Amino acid sequence: MLATRDDASPSSVGEDAVVDITARTEYAVRAMLSLAQAHAAGEGPVSVDTLARQQDLPRKFLEAIVGDLRVADLVVSTRGARGGYALARPASAISLGDVFRAVDGPLAEVRGLRPHETSYEGVAQHLPTVWVAVRASLREVLDGTTLDQALTGALPPAVTSKAADPLAWQNR
């Protein structure tokens, strides 16, 4: 899930508020990219041990993540000596947003609420519109980028144009 940190006090929001991509989400995306690569190479199911080794991820944590991906119908499991996990559908049909939601829930929340569920009075009354726009931007990038595109680097214009801005790479 991407959310602003609750520990940012009102006086420091401009300095300390962040959008956080959790380790759980990052590991899930990396594991899914390994599965996409295996699928592209015509390989069979990939074990959790192999995924963990390929991406240098903690095995136990990865087991739980892959379980969430299976429940979300993003991967299928095969039992047996040659068992493991494979993509449930082609890499071109799975977005990064699908993976984010499978392991961490909604893309954007404001103190546990969906952006459109927030409301404020007075000077902050227009903030829900801003929060909805932030979520829309996340959707544009994450739902508009498939595993296949992330694997091959053939990223969509919404991603490449944003990343081409030198300011995008600078901390502020």
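Of the 172 residues of the protein, 34% count as buried in this model, which is a predicted one. The secondary structure comprises eight helices and four strands, and these elements follow one another along the sequence in the pattern β-α-α-α-α-β-β-α-β-α-α-α. Among the contacts with a separation of 6 or more, those between residues 24 or more positions apart account for 56%. The description below begins with a strand pairing, proceeds to one of the helices, and then turns to the aromatic and charged side-chain pairs.

Strand S2, which covers residues 75–78, pairs in the antiparallel sense with strand S3, which covers residues 84–87, and the pairing extends over four bridges. At one position of this pairing, Thr78 has Gly84 in S3 as its bridge partner. Five residues lie between the two strands of the hairpin, in which Gly80 takes a positive phi near 110°.

Helix H6, formed by residues 127–142, contains 16 residues and reaches 22 Å from its first C-alpha to its last, a span close to the 22 Å expected at 1.5 Å a residue. Pro128, Arg135, Leu138 and Leu142 are buried in this helix. When H6 is seen down its axis, the buried residues fall within an arc of 85°, so they line one face of the helix. As a general point, an α-helix has 3.6 residues a turn, so residues three or four places apart point the same way.

Val141 is also found in helix H6, but this residue is partly exposed, with a relative accessible area of 23%; the value does not fall under 20%, the limit for a buried residue. When residues up to four places away in sequence are not counted, Val141 touches Ala158, Val159 and Lys162. Val141 and Ser95, which are 46 residues apart in sequence, are 9.5 Å apart in space when taken from C-alpha to C-alpha.

A search of the whole structure for aromatic pairs finds one. This pair consists of Tyr27 and Phe61, whose ring centres are 5.5 Å apart and whose planes stand at 75°, so the arrangement is edge-to-face. Tyr27 lies in helix H2 (residues 23–40) and Phe61 in helix H4 (residues 59–71), and the pair therefore ties together parts that are 34 residues apart in sequence. As to accessibility, Tyr27 is buried, with a relative accessible area of 18%, whereas Phe61 is partly exposed, with a relative accessible area of 31%.

Charged side chains were examined next. In general, side chains of opposite charge can pair when their charged atoms come close. The structure holds eight salt bridges, including one in which the side chains of Arg24 and Asp68 meet at 2.2 Å, N to O. Because Arg24 lies in helix H2 and Asp68 in helix H4, this salt bridge ties together parts that are 44 residues apart in sequence. Asp68 is partly exposed, with a relative accessible area of 24%. Helices H2 and H4 are thus linked by the pair of Tyr27 and Phe61 and also by the pair of Arg24 and Asp68.

A further salt bridge is formed between Asp49 and Arg59, with the closest N and O atoms 2.2 Å apart. This pair links distant parts of the chain, in that Asp49 belongs to helix H3 (residues 48–55) and Arg59 to helix H4, the two residues being ten residues apart. Both partners are partly exposed, Asp49 at 38% relative accessibility and Arg59 with a relative accessible area of 36%.

Within helix H4, Glu63 forms a salt bridge with Lys60, for which the closest N and O atoms are 3.9 Å apart; this distance falls within the 4 Å cut-off for a salt bridge. Being three residues apart in H4, Glu63 and Lys60 are separated by about one helical turn. Glu63 counts as partly exposed at 28% relative accessibility, whereas Lys60 is exposed, with a relative accessible area of 64%. Salt bridges that share partners join Asp49, Arg59, Lys60 and Glu63 into one network, a group that includes Asp49 of helix H3 and Arg59 of helix H4.

How values were computed:
Residues are numbered from 1 along each chain as its sequence is written. This is a predicted model: local features need pLDDT of at least 70, side-chain atom pairs count only at pLDDT 80 or more; totals for chains, interfaces and linings use all residues. Side-chain values use heavy atoms; hydrogens and water are left out. Two strands pair if DSSP finds at least two bridges between them. The expected span of a helix is 1.5 Å times one less than its number of residues. Buried means under 20% relative accessible area, exposed over 50%, partly exposed in between (1.4 Å probe, protein chains only). The arc is that of the directions from the helix axis to the C-beta atoms. Contact means heavy atoms within 4.5 Å. Rings of Phe, Tyr and Trp (its six-membered ring) pair if their centres lie within 6.5 Å; planes under 30 degrees apart count as stacked, over 60 as edge-to-face and the rest as tilted.
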